[in-house]
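Visitor: I have a chain open on my screen and would like to learn how to read it. Could you walk me through it?

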Amino acid sequence: MLRKNAAYIKLLIGTTIGALIIASAMMFHHQNNKIGQLQDELYLKQQNEQRASDYYESILNMKTIENKFNSLHEYPVLKDSTIEMEHTYDYTADGRMGIKKHVEIAGYGKLQYSAVVNLSTAIITSNNNGKDITIQIEAPYIDMPSVKLQQNSLIIKDRDYSFFCNRNDSAQAQKLYMDSFVDGGINRLTELYGRKDKQNELDRIAISEVHSLVRALNLNGNVNIHVEIIK
């Protein structure tokens with residue numbers, strides 16, 4: 001009888017220990033699952049917060065660029081550049097007894113000009129959670145009001161006066177010569193930058209200058225800036 005009781009007690013103890021082991025294993029598995037679930041939830045929360053932060057910085061960066069561009073409008077990308085130019089002008093006026101008066105002036109000087117890009121029409125977009133910002137700008141162009149004869153650069157090589165010309169004719173011819181120098185310069189610049197190679201060169205300068213401008217804005221985060229010319 002005692003042996004039977006002892007065997008029963010051993011069986012009971014073994015069963016109880018087995019049950020405890022199984023229960024512990026199940027509890028441990030459940031805790032591991034719970035911990036894993038919490039870790040996943042924490043990771044997703046961090047990712048969502050990071051995306052929200054990236055999105056906020058992207059909007060902030062784009063707004064900073066837009067505000068700056070809108071305040072600048074036409075931005076000089078090539079300022080006070082010069083080219084040498086020869087120029088001849090023939091002045092004509094009515095003289096006595098219907099005889100025409102002529103003054104011919106020939107010389108050369110430096111034509112000064114600037115090139116600009118219109119930033120107010122720029123298209124600004126972002127991707128890669130705001131880490132990449134693309135700026136599309138129209139092609140730069142010569143700022144025609146900036147075209148002028150560089151001060152103290154004009155050298156007159158020759159003046160030819162017809163009969164009856166006086167000092168007033170000489171002064172008027174000189175003024176018209178300088179005015180026509182600028183007009184001729186505008187035509188020359190239009191022709192020069194009508195060439196594909198010169199416009200491509202101006203495009204490269206504009207892209208570089210816009211990059212420099214944006215870098216000076218101290219944007220938030222590690223942002224890659226891409227500048228493109230709209231063709």
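**Reading the model**

Guide: Let's start with one residue: D90 sits in strand 1, which covers residues 74-94. Helices (H or I, at least four residues) and strands (E, at least two) are DSSP runs numbered from the N terminus. Keep in mind that this is a predicted model, where local features need pLDDT of at least 70, side-chain atom pairs count only at pLDDT 80 or more, and totals for chains, interfaces and linings use all residues. Residues are numbered from 1 along each chain as its sequence is written, and side-chain values use heavy atoms, with hydrogens and water left out.

Visitor: Is D90 buried or exposed?

Guide: Buried means under 20% relative accessible area, exposed means over 50%, and partly exposed is in between (1.4 Å probe, protein chains only). D90 comes out at 42%, so it counts as partly exposed.

Visitor: Which residues form a negative surface patch with D90?

Guide: A patch takes residues with over 30% relative accessible area and no salt bridge, joining like charges within 9 Å and nonpolar side chains (Val, Leu, Ile, Met, Phe, Trp, Tyr) within 5 Å. Asp and Glu count as negative, Lys and Arg as positive, while His and the chain ends are not counted. Each charge is placed at NZ of Lys, CZ of Arg, CG of Asp or CD of Glu. Here D90 is joined by E104, D158 and D160.

Visitor: How many helices and strands does the protein chain have?

Guide: Three helices and eight strands. Read from the N terminus, the order is α-β-β-β-β-β-β-β-α-α-β.

Visitor: What share of the protein chain is buried?

Guide: Of its 231 residues, 30% are buried. The protein chain exposes about 15,400 Å², with carbon and sulfur atoms supplying 54% of that; these areas come from the Shrake-Rupley method with a 1.4 Å probe, and for residues only the protein chains shown count as cover.

Visitor: What does I137 touch, leaving aside its neighbours within four places in sequence?

Guide: Contact means heavy atoms within 4.5 Å. I137 lies in strand 4, residues 132-138, and is buried, with a relative accessible area of 0%. Its contacts include V117, L119, A122, A206, V210 and V227. Take V210: I137 and V210 are 73 residues apart along the chain, and their C-alpha atoms are separated by 9.3 Å. Across the protein chain, 79% of the contacts with a separation of 6 or more are between residues 24 or more positions apart.

Visitor: How many salt bridges does the structure hold?

Guide: Side chains of opposite charge can pair when their charged atoms come close. A salt bridge needs a side-chain nitrogen of Lys or Arg within 4 Å of a carboxyl oxygen of Asp or Glu. The structure holds six. In one of them, D94 meets K100 at 2.4 Å, N to O; D94 is exposed at 58%, and K100 partly exposed at 44%.

Visitor: Where do E201 and K198 sit relative to each other?

Guide: Both are in helix 3 (residues 196-215), and because they are three residues apart, about one helical turn separates them. Their side chains meet in a salt bridge at 3.5 Å, N to O. E201 is partly exposed at 35%, whereas K198 counts as buried at 17%.

Visitor: Which residue does D203 pair with?

Guide: D203 forms a salt bridge with K231, with the closest N and O atoms 2.9 Å apart. D203 lies in helix 3 and K231 in the segment after strand 8 (224-230), so the pair ties together parts 28 residues apart in sequence. D203 is buried at 5% relative accessibility, while K231 is exposed at 77%.
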